Amino acid sequence: SYTPPEATLEDFKRQCKVLGIERSVLVHPSIYGTDLSSLVDTLERCSDWMRGVAVIDESISDETLAHLDRVGVRGVRFNVLFKGGTPLDRARAIGQRVAKLGWHVQLLIDLSAHPDFYAQWKDFPR
């Protein structure tokens, strides 16, 4: 539903240097779906100063989750606003799996479109 402009890792490193940023979190964009190759490649190249947030679905294996953890992924993202994200109804099952790794769950959501969100999600896995 959108096409962001191209930006290279070198562009980002230069921008971080200019701004004095020493650590970073790379959030996997929903436009890539669950293809994490770019995220994993970047985290492997920047493991000393970067961590990541991934878009995954329930088909991901425990082995892949363990690999993502090793390269620096520390959370998962659910994009409920735009096309390409993992649907919200899958969040609970995925949340239970990533809670074991100590990861967080990030929601890109318009809460005004989900008035009962807190009541329905207050027991979300921690």
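**Exercise 1. Decide whether Thr42 is buried or exposed, and find out which residues it touches.**

1. Start with the cut-offs: buried means under 20% relative accessible area, exposed means over 50%, and partly exposed is in between (1.4 Å probe, protein chains only).
2. Thr42 has a relative accessible area of 11%, so it's buried.
3. Now place it: Thr42 sits in helix H2, residues 37–45. (Helices, H or I with at least four residues, and strands, E with at least two, are DSSP runs numbered from the N terminus.)
4. For its partners, a contact means heavy atoms within 4.5 Å. Skip the neighbours within four places in sequence, and you get Leu9, Leu26 and Met50 in contact with Thr42.

A word on what you're looking at: this is a predicted model, where local features need pLDDT of at least 70, side-chain atom pairs count only at pLDDT 80 or more, and totals for chains, interfaces and linings use all residues. Residues are numbered from 1 along each chain as its sequence is written, and side-chain values use heavy atoms, with hydrogens and water left out.

**Exercise 2. Do the same for Val25: is it buried or exposed, and what does it touch?**

1. Val25 belongs to strand E1, which covers residues 24–27.
2. Its relative accessibility is 54%, so Val25 counts as exposed.
3. Leave out residues up to four places away in sequence, and Val25 touches Arg51 and Val53.
4. Try a distance too: Lys13 is 12 residues from Val25 along the chain, and their C-alpha atoms are separated by 13 Å.

**Exercise 3. Find the buried residues of helix H4 and work out how they are arranged around its axis.**

1. Helix H4 runs over residues 91–99, and Ala91, Ile94, Gly95 and Val98 are buried in it.
2. These residues cover an arc of only 105° around the axis, which puts them on the same side of H4. (The arc is that of the directions from the helix axis to the C-beta atoms.)
3. Here's the helix rule behind that kind of spacing: an α-helix has 3.6 residues a turn, so residues three or four places apart point the same way.
4. What lies over them? The cover includes helix H3 (62–71), strand E3 (73–79), strand E4 (104–108) and helix H5 (117–121).

**Exercise 4. Work through three salt bridges, and say how exposed each partner is.**

1. You need the rule: a salt bridge is a side-chain nitrogen of Lys or Arg within 4 Å of a carboxyl oxygen of Asp or Glu. By this rule the count comes to seven.
2. Take Glu10 and Lys13, whose side chains meet in a salt bridge with N to O at 3.7 Å. Both are in helix H1, three residues apart, or about one turn of the helix. Glu10 is partly exposed at 40% relative accessible area, and Lys13 is partly exposed at 32%.
3. Next come Arg97 and Asp62, whose closest N and O atoms are 2.7 Å apart in their salt bridge. Arg97 lies in helix H4 and Asp62 in helix H3, so this pair ties together parts 35 residues apart in sequence. Arg97 is partly exposed at 22%, while Asp62 is exposed at 54%.
4. Last up are Arg74 and Asp69, with a salt bridge of 3.3 Å, N to O. Arg74 has 33% relative accessibility and is partly exposed; Asp69, at 23%, is also partly exposed.

**Exercise 5. Which residues form a nonpolar patch with about 320 Å² of accessible area together?**

1. Know the rule: patches are made of residues with over 30% relative accessible area and no salt bridge; like charges are joined within 9 Å, and nonpolar side chains (Val, Leu, Ile, Met, Phe, Trp, Tyr) within 5 Å.
2. The patch is made of Val18, Leu19 and Ile21, on the surface. (Areas come from the Shrake-Rupley method with a 1.4 Å probe; for residues, only the protein chains shown count as cover.)
3. Zoom in on Leu19: it's in helix H1, residues 9–19, and is exposed with a relative accessible area of 56%.

**Exercise 6. Describe the fold as a whole: what is its pattern along the sequence, and how does its radius of gyration fit a compact globule?**

1. Count the elements: there are five helices and four strands.
2. Read them along the sequence and the pattern is α-β-α-β-α-β-α-β-α.
3. A compact globule of 126 residues would have a radius of gyration near 14 Å, and the protein has 15 Å, which agrees. (This radius is taken over C-alpha atoms; the globule rule is 2.2 Å times the number of residues to the power 0.38.)
4. Of the 126 residues, 33% count as buried.
5. Finish with contacts: among those between residues at least 6 apart in sequence, 66% join residues at least 24 apart.
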